[in-house]
Amino acid sequence: MSRGPAGRHQSVVVGGEVARPGFKRFLRWLIGVLAFLILLLAVAVIFKNPILKTATCWNVKSSTGLKANIGRFDLNFRRSQLAIANFRILNAPAFGKSALIDIPEIYFSLAPEEAASGRIRFREIRFNLRELNVVQNTNGITNIELLQKALETNISKSAHLHLKTMQFGGVDKLIVTLGKVNFTDLANPANNTQIDLGVKEEVAKDLKSEEELQNWATALLLRLTIQQSFNSGSRPSAPRALDKLMKRL
């Protein structure tokens, strides 16, 4: 990405196609929403409950107003590992019957010797997003907009403060899979579209700081932006629908 004379960002041009800045903003927004959801899970673990699977679903319900299902919740204190399988948050009835978000796997492995001193270093993180369903109702409001507002309102300040006291110590190995994002417009189905992010087991190693993690994520976002510009070029209707999605988000 380059800057013009006035210091403003310009679009990247690849093979005659313009990589839309809106797609990059959308991906950053997507990662932000997923970070919120991971925070919910982290809060459930920090404030331990004997029935963690049920407690986590309840925590999601109380924070978002939406029902959640978890296929498997395995917290191994001895090995400092958390494995969650088939985590799904369901849409409110007004937004249809589909799952809002479908995550087959979330896995964390911590370095326990550092966690005891308040420094959180992840030996491994695996995150697999199968599908995200963005639905816009007849009033022009999306389910994601309502989710963001609910999270910002309901996640306890004490949980935020507790997490802020911890120092990020890096990630030894990060494995990310990102699948499909579906957009449904209940007022105008002609706007419906699907984005296949196509990220399969993307691996990053030895991320020592938050800055290195952000740099890695930025590089991934830029690559996906360029790929999307090529993919959209072969489907004339896709750019218009995708632009509508970006504006709504």
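A residue counts as buried under 20% relative accessible area, as exposed over 50%, and as partly exposed in between. By that scale Arg-126, with a relative accessible area of 25%, is partly exposed in this structure, which is a predicted model.

The protein chain has 249 residues, of which 45% count as buried, and its secondary structure comes to seven helices and eight strands. The accessible surface of the chain is about 13,300 Å², with 53% of it belonging to carbon and sulfur atoms.

The largest nonpolar core holds 41 residues, and among these Phe-87, Leu-174 and Trp-216 touch the most other members. Strand E6 (residues 119–136) supplies the largest share of this core, namely seven residues. Leaving aside residues up to four places away in sequence, Trp-216 touches Leu-174, Val-176, Glu-202, Val-203, Ala-204 and Leu-207.

Seven salt bridges are found in the whole structure, and three of the pairs are set out here.

| Pair | Closest N to O distance |
|---|---|
| Arg-72 and Asp-74 | 3.9 Å |
| Asp-102 and Arg-88 | 3.9 Å |
| Arg-126 and Glu-105 | 2.9 Å |

Because Arg-126 lies in strand E6 and Glu-105 in strand E5, their pair ties together parts that are 21 residues apart in sequence; Glu-105 is partly exposed, with a relative accessible area of 26%. Asp-102 is buried at 9% relative accessible area, whereas its partner Arg-88 is partly exposed at 30%. Arg-88 and Asp-102 are also linked with Arg-130 in a network of salt bridges. In the remaining tabulated pair, Arg-72 is partly exposed at 43% relative accessibility, and Asp-74 is partly exposed with a relative accessible area of 37%.

Notes:
Residues numbered from 1 in each chain as written. Predicted model: local features only at pLDDT ≥ 70, side-chain atom pairs only at ≥ 80, totals over all residues. Heavy atoms only, no water. Core = buried A, V, L, I, M, F, W, Y, C linked by side-chain atoms within 4.5 Å. Buried < 20%, exposed > 50% of the residue type's maximum accessible area, 1.4 Å probe, protein only. Helix = DSSP H or I, 4+ residues; strand = E, 2+ residues; numbered from the N terminus. Contact = heavy atoms within 4.5 Å. Areas by Shrake-Rupley, 256 points an atom, 1.4 Å probe, with all protein chains shown as cover. Salt bridge = Lys/Arg side-chain N within 4 Å of Asp/Glu carboxyl O.
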